Structure formats: structure tokens, C-alpha cells
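Me: I should be grateful for a close look at a single part of this protein, followed by an account of how that part sits within the whole. Please keep to what can be read from the sequence and the structure shown here.

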Amino acid sequence: MSAQQQSLTERRKAATQLDIARAAAALFAERGPDGTTAEEIAHRAGVALRTFYRYFRSKQDAVGPLLSGGAERWRALLEAAEPGAPLLGVLEQAVTDALAAPDEQATEQLVRTRGLLRAAESDPALRAVWYRVNQDSEERLLPVLTRLAGPDADALEVRLAAAAATDAVRVALESWAKTEAPAAGPGSPAELAVRCLHELMGGMRMFRP
């Protein structure tokens with residue numbers, strides 16, 4: 001298989017996974033995880049049940065691509081940044097852009113996340129998916145921050161920064177999900193995440209002027 005064919009295959013796979021994830025999120029919003037089956041998710045997504053299980057182990061796993069979307073956008077923005085700029089400012093700008101809701105599609109994505117986080121409060125399996133998404137995000141963020149921090153940065157501090165940055169976004173989204181605050185503006189995920197970043201990282205040596 002050529003590189004072009006492989007890339008096309010990967011894009012199709014990602015698109016199918018996202019279709020399944022959206023179907024799962026919609027059904028969870030309508031019926032809750034307990035009232036939803038994998039068969040119903042597959043039917044809503046327009047795929048065979050065997051296709052569903054090719055990609056996901058359980059109905060709760062199916063929403064992973066939605067829950068990880070914000071982290072992927074944030075990481076992509078950080079990967080595009082150049083070393084040398086104040087790291088806290090780079091993190092703040094990236095998280096603001098990643099969690100922004102400038103259009104209907106972005107707002108809908110955040111609203112879906114809110115519904116899933118609310119459902120996760122009473123569903124341990126769904127909560128485990130959320131925690132796994134955050135752990136994966138932290139691990140993927142570490143080499144990105146290592147590059148941005150530069151070769152002279154303390155490895156332990158960079159490791160702590162990756163953990164703190166991930167938790168800042170997690171806590172912001174969880175806190176927002178408990179409210180009726182809008183997706184943009186005061187009380188939004190982006191505003192809360194920036195606040196969490198400053199609170200968690202303010203005492204770290206590598207972020208001091």
C-alpha cells in the first residue's frame with residue numbers, strides 16, 4: 001500500500017470512528033449510557049456491529065474520539081509553536097484557541113462534551129474513558145513541552161508542567177459541565193482553563209519571569 005493510499009485509509013478510519021462517537025454521544029444524551037446498546041449505536045452510525053467492535057471495546061469507549069478532540073487541537077497548536085517564547089503564554093494562547101467556540105460546530109462539540117461529562121458522573125465506565133483520554137493527552141503533551149522548553153529545562157519541571165496543563169483543561173471542562181455557563185465568554189471552558197493554568201503553574205520555577 002502506498003503512502004497516499006495509507007493516508008486515505010487512515011482518514012476513512014478516523015471519519016468512521018467519529019461518526020460512531022457522535023452517534024454514541026447523541027444516544028447517551030437521549031437515553032443515558034445504561035439505556036443505550038452497542039447495537040443501537042452502530043445502527044445510528046450506519047455501520048455493522050462488527051465494525052463497531054473493530055474500533056471500540058465497549059459503548060463507553062465509543063465516545064473517546066469526541067472527548068479527545070480538544071486535546072488533539074491543543075497539542076497541534078503547541079506543535080506549531082516555536083521554542084523561545086514564554087511557555088506559559090504559549091500554553092495560554094493554545095488552550096484559548098483550542099477551547100474557543102467561534103462557530104456553531106465548535107459550540108456543538110463543547111455541548112456534547114458537557115453532556116458526556118455529566119453522564120460520566122454516574123457511569124464509572126464512561127468516567128474511566130475520560131480519565132484515560134486525559135492520561136493519554138498528558139503523555140503525548142510531554143515531548144511537545146520538552147521541545148518548547150528547550151534543552152536546558154529541568155526534566156522534572158517539564159513533566160510537572162505536562163501534568164498541570166492537562167489537569168488545568170480537565171478541571172476547567174469538568175467545572176464548566178456542572179454549570180449552565182455558555183461555551184464562550186465568562187465562565188466558558190477557555191476562560192476557566194486559562195485561570196486553572198495560572199493557578200497551577202504560578203509557583204513553578206520554569207514559568208517565573
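Which residues is Thr-36 in contact with, leaving aside its neighbours within four places in sequence?

Reply: In this predicted model, Thr-36 is in contact with Leu-27, Phe-28, Arg-31, Ile-41 and Lys-59, once its neighbours within four places in sequence are set aside. Thr-36 itself belongs to the loop between helix 1 and helix 2, the latter covering residues 38–45. Its relative accessible area is 1%, and because the limit for a buried residue is under 20%, Thr-36 counts as buried. A further distance helps to place the residue: the C-alpha atom of Thr-36 is separated by 8.2 Å from that of Ala-24, a residue 12 positions apart from it along the chain.

A second loop residue may be set beside this one. Ser-188 is found in the loop between helix 9 and helix 10, where helix 10 comprises residues 189–201. With a relative accessibility of 3%, Ser-188 is likewise classed as buried. Apart from its neighbours within four places in sequence, Ser-188 has contacts with Trp-176, Pro-182 and Ala-183.

Arg-112 offers a case from within a helix, namely helix 7, which runs through residues 104–120. Its relative accessibility is 22%, so Arg-112 is assigned to the partly exposed class. Beyond its neighbours within four places in sequence, Arg-112 is in contact with Arg-22, Ala-25 and Leu-66. The C-alpha atoms of Arg-112 and Ala-29 are 8.4 Å apart, although 83 residues separate the two along the chain.

Leu-66, one of the contacts of Arg-112, leads on to the largest pocket. Together with Pro-65, Ser-68, Gly-69 and Glu-72, Leu-66 is among the lining residues that lie nearest the centre of this pocket. The lining consists of 31 residues, and the pocket has a volume of about 740 Å³. At least two lining residues come from each of helix 1 (3–31), helix 4, helix 5, helix 6, helix 7 and helix 8. By character, the lining divides into 14 nonpolar, 10 charged and 7 polar residues.

Helix 5, one of the contributors to that lining, spans residues 69–79, and its buried residues are Gly-69, Gly-70, Ala-71, Trp-74, Arg-75 and Leu-78. The cover over these buried residues includes helix 4 (64–67), helix 6 (87–98), helix 8 (124–149) and helix 9 (155–177).

As for the whole protein, its secondary structure amounts to 10 helices and 0 strands, and the order along the sequence is accordingly written α-α-α-α-α-α-α-α-α-α. The radius of gyration is 18 Å, which agrees with the value near 17 Å for a compact globule of 209 residues. Along the principal axes, the C-alpha trace extends over about 55 × 50 × 30 Å. Of the 209 residues, 44% are buried. Where contacts join residues at least 6 apart in sequence, 68% of them link residues at least 24 apart. The exposed area of the protein is about 11,300 Å², with carbon and sulfur atoms supplying 53% of it.

To return to the part in question, Thr-36 is a buried residue in the loop between helix 1 and helix 2, and its contacts include Leu-27 and Lys-59.

Definitions and conventions: Residues numbered from 1 in each chain as written. Predicted model: local features only at pLDDT ≥ 70, side-chain atom pairs only at ≥ 80, totals over all residues. Heavy atoms only, no water. Buried < 20%, exposed > 50% of the residue type's maximum accessible area, 1.4 Å probe, protein only. Helix = DSSP H or I, 4+ residues; strand = E, 2+ residues; numbered from the N terminus. Contact = heavy atoms within 4.5 Å. 1 Å grid on protein atoms, 1.4 Å probe; cavity = no way out; pocket = protein on both sides within 12 Å on 5 of 7 lines; lining within 4 Å. Points joined across faces, edges and corners; volume = space filled by probe spheres on them. Nonpolar A, V, L, I, M, F, W, Y, C, P; charged D, E, K, R; others polar. Rg over C-alpha atoms; globule rule 2.2 N^0.38 Å. Areas by Shrake-Rupley, 256 points an atom, 1.4 Å probe, with all protein chains shown as cover.
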